[in-house]
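The exercises below are meant to be worked through with the sequence and the model side by side. Try each task before reading its solution.

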Amino acid sequence: MNRPTPKHDAPELKFPLLGGGNFNLKEQKPENFTLLIFYRGLHCPLCKKYLQQLQELLPDFKERGVDVVSVSMDTEKRARLSRQKWEVEQLQIGYDLDEKTAVSWGLFRSKGVKEGEPDLFSEPGLFLIDKQQKVYYSAINSNPWGRPYLASFVNAIDYIISANYPARGEVI
């Protein structure tokens, strides 16, 4: 399975955003990085906590020149319910991530097995993309747990920037 690899070009990524407009990774112009959070969807209580933590840390990421966006394979309706029920109004939330794009990002996919789960959804992923649209860091999970701890990720970005620390893991 191919996966996004550090120091290599990030795959294409386009999706609609709640509130209007579209996200296109190639059009992003962050001061330092774009932080992409792929979440499972409305059915996932761990995603709720993760996106709530992410929203709390938005000012910290912004201060470090990191633009943040989250996306799932959920429909617009389910994404709106997530934003409303989870109280994450400040987050950029995308929806309708298609399976082909999820595969190109190396995301694991699962079939719904419980009530409230969609027939198919992607498992979590976190990617840090640099200003040149290259993958700097990736974390891909096959289950809802084990994701990077966001508060420590803020500190890591401080170190990356101050030490001019290179991306690692580029050998394919």
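**Exercise 1.** Leaving aside its neighbours within four places in sequence, find which residues L81 is in contact with, and then work out where L81 sits and whether it is buried, partly exposed or exposed.

*Solution.* This is a predicted model, and the values that follow are computed from it.

Step 1: Once the neighbours within four places in sequence are set aside, L81 is in contact with L42 and W86.

Step 2: L81 belongs to helix α2, which covers residues 76-86, and W86 is one of the buried residues of that helix.

Step 3: Compare L81 with G41, from which it is 40 residues apart in sequence, while the C-alpha to C-alpha distance between the two is 10.0 Å.

Step 4: The relative accessible area of L81 is 26%; because buried means under 20% and exposed means over 50%, L81 counts as partly exposed.

**Exercise 2.** Determine which residues of helix α2 are buried, how they are arranged around its axis, and what covers them.

*Solution.* Step 1: The buried residues of α2 are R78, A79, S82, R83 and W86.

Step 2: Seen down the helix axis, these buried residues fall within an arc of 140 degrees, and therefore they line one face of α2. An α-helix has 3.6 residues a turn, so residues three or four places apart point the same way.

Step 3: On the other side of the helix, K77, Q84 and K85 are exposed.

Step 4: Among the elements that cover the buried residues of α2 are α1, residues 45-63, and β5, residues 93-94.

Step 5: After the helix comes E87, which has a positive phi, near 55 degrees.

**Exercise 3.** Place the helix in the whole chain: how many helices and strands are there, and what radius of gyration does the chain have?

*Solution.* Step 1: The chain contains four helices and nine strands, and, read from the N terminus, its elements follow the order β-β-β-α-β-α-β-α-β-β-β-β-α.

Step 2: For 172 residues, a compact globule would have a radius of gyration near 16 Å, and the 15 Å of this chain agrees with that. The C-alpha trace spans about 45 × 35 × 30 Å along its principal axes.

Step 3: Of the 172 residues, 51% count as buried, and among the contacts with a separation of 6 or more, 67% are between residues 24 or more positions apart.

Step 4: Turning to the surface, the chain exposes about 9,200 Å², of which carbon and sulfur atoms supply 48%.

Conventions: Residues are numbered from 1 along each chain as its sequence is written. This is a predicted model: local features need pLDDT of at least 70, side-chain atom pairs count only at pLDDT 80 or more; totals for chains, interfaces and linings use all residues. Side-chain values use heavy atoms; hydrogens and water are left out. Helices (H or I, at least four residues) and strands (E, at least two) are DSSP runs, numbered from the N terminus. The radius of gyration is taken over C-alpha atoms; the globule rule is 2.2 Å times the number of residues to the power 0.38. Buried means under 20% relative accessible area, exposed over 50%, partly exposed in between (1.4 Å probe, protein chains only). Contact means heavy atoms within 4.5 Å. Accessible areas come from the Shrake-Rupley method with a 1.4 Å probe; for residues, only the protein chains shown count as cover. The arc is that of the directions from the helix axis to the C-beta atoms.
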